[in-house]
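The following paragraphs lead through a protein structure, beginning with helix packing, passing to the ligand and closing with the loops. Please keep the sequence and the model in view while reading.

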Amino acid sequence: MIEIPGWRIDWFAELDSTMLEAKRDPEPGRIIVADRQTAGMGRHGRAWLSPAGEGLYVSYVLKVPIAPVISLAVGLAAREAIGNPADLRWPNDVLLNGSKCAGVLVQSDADVVIAGIGINVSQRWFPGDLDTPATSLALEGINVSREDLLSKLTAALDRTVALPAEEVLRQFAEHSSFVNGRRVRVGEVEGVTCGLDSSGFLLVREDNGTVTTILNGGVRPI
Ligand code: BTN
């Protein structure tokens, strides 16, 4: 069993969701991992497919201030754990060759933040009806064990959640091809991305010149 100083790791064979388990015992410093989730949760109420042993399904209970930038910091950590050439799609999807290999769900509970991260590690197949094209590390030629990935992810998260907000924004922009100059659609809004505001929200310049602040939603390239 893997140990990481400063954290308590609870690794389950099966859970409904690591997010729900974190809420059942939200002790700061707890890491919850499941080999398989029967009710894996994605953003916007979507499900997160969690086949046994094929992904890293993990939630961290963090004692950090609740702010929008935290969600970017967690995405930054997931990208760092996966390594180059992974790309970040605002707010926190990690892409390899344009397809999603990891997703982040951040929720607050009482006075803690629960950061859930799902990384597709060894899947060789995905359903065709997903909201966005998906891939796994194995399909992209990255072979890593879930244990090693958890160690890298935790070290990266220790680093990114301690960064000042401006530095999170700078590093996010540095590692994301979506933050500047990318033509995208987000819900009804269509235009070219033009940076992040000081809270970490995405700015999109529409063709009529209006700059819209994107608070939420799925960013899709067009
Ligand atoms: C997304 O929609 O991109 C977010 C996906 C987050 C999935 C992870 S897997 C571990 C944790 N437990 C869950 O039920 N969801 C998150």
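At roughly what angle do the axes of helix α2 and helix α3 cross? In this predicted model, α2 spans residues 68–82 and α3 spans residues 146–160; their axes cross at roughly 140° and come within 8 Å. Angles over 145 degrees would count as roughly antiparallel, and those from 65 to 115 as roughly perpendicular; α2 and α3 are therefore oblique to each other. The crossing in which α2 passes α3 is right-handed.

The residues that form this contact can be followed along both helices. On the side of α2, they are A73, V74, L76, A77, A78, E80 and A81. Their counterparts in α3 are L149, K152, L153, A156, L157, R159 and T160. By character, the residues of the contact of α2 with α3 comprise 10 nonpolar, 1 polar and 3 charged.

Helix α2 also packs against helix α4, which covers residues 165–174. Here the axes lie 10 Å apart and the angle is about 50°. The helices α2 and α4 are therefore oblique to each other as well, and α2 passes α4 in a left-handed crossing. From α2, the contact draws on V69, L72, A73 and L76, while α4 contributes A165, V168, L169, Q171 and F172. These residues of the contact of α2 with α4 divide into 8 nonpolar and 1 polar, with no charged residue. A73 and L76 of α2 thus appear in the contact with α3 and in that with α4.

Attention may now turn to the ligand. Which residues come nearest to the ligand? There are 20 residues around the ligand, and of these S17, T18, M41, R43 and K100 come nearest. Two of these residues can be examined at the level of atoms. For K100, a polar side-chain atom lies 2.6 Å from an oxygen atom of the ligand. For M41, a backbone N or O atom is placed 2.7 Å from an oxygen atom of the ligand. In addition, Q37 has a polar side-chain atom 2.9 Å from a nitrogen atom of the ligand.

The loops contain several backbone features that merit inspection. Most residues other than glycine have a negative phi, and most peptide bonds are trans. Against that background, the peptide bond from N84 to P85 is cis, with omega near 10°. P85 is situated in the loop between α2 and β4 (87–89). Beyond this strand, the peptide bond from W90 to P91 is also cis, with omega near 5°, and P91 belongs to the loop between β4 and β5 (93–96). The loop between β5 and β6 (99–109) holds N97, a residue other than glycine whose phi is positive, near 50°.

Technical notes
Residues are numbered from 1 along each chain as its sequence is written. This is a predicted model: local features need pLDDT of at least 70, side-chain atom pairs count only at pLDDT 80 or more; totals for chains, interfaces and linings use all residues. Side-chain values use heavy atoms; hydrogens and water are left out. Axes are lines fitted to C-alpha atoms, for helices over the stretch in contact, and angles run from 0 to 180 degrees between N-to-C directions. Helices (H or I, at least four residues) and strands (E, at least two) are DSSP runs, numbered from the N terminus. Angles under 35 degrees count as roughly parallel, over 145 as roughly antiparallel, 65 to 115 as roughly perpendicular and the rest as oblique. A crossing is left-handed if the near helix is turned anticlockwise from the far one by less than a right angle, and right-handed if clockwise. Contact means heavy atoms within 4.5 Å. Ala, Val, Leu, Ile, Met, Phe, Trp, Tyr, Cys and Pro count as nonpolar, Asp, Glu, Lys and Arg as charged, and the others, Gly among them, as polar. A residue is near a molecule or strand if one of its heavy atoms lies within 4 Å of it. A polar contact is a pair of N or O atoms within 3.5 Å; within protein, one must be able to donate a hydrogen and the other to accept it, and residues adjacent in sequence count only if both atoms are side-chain atoms.
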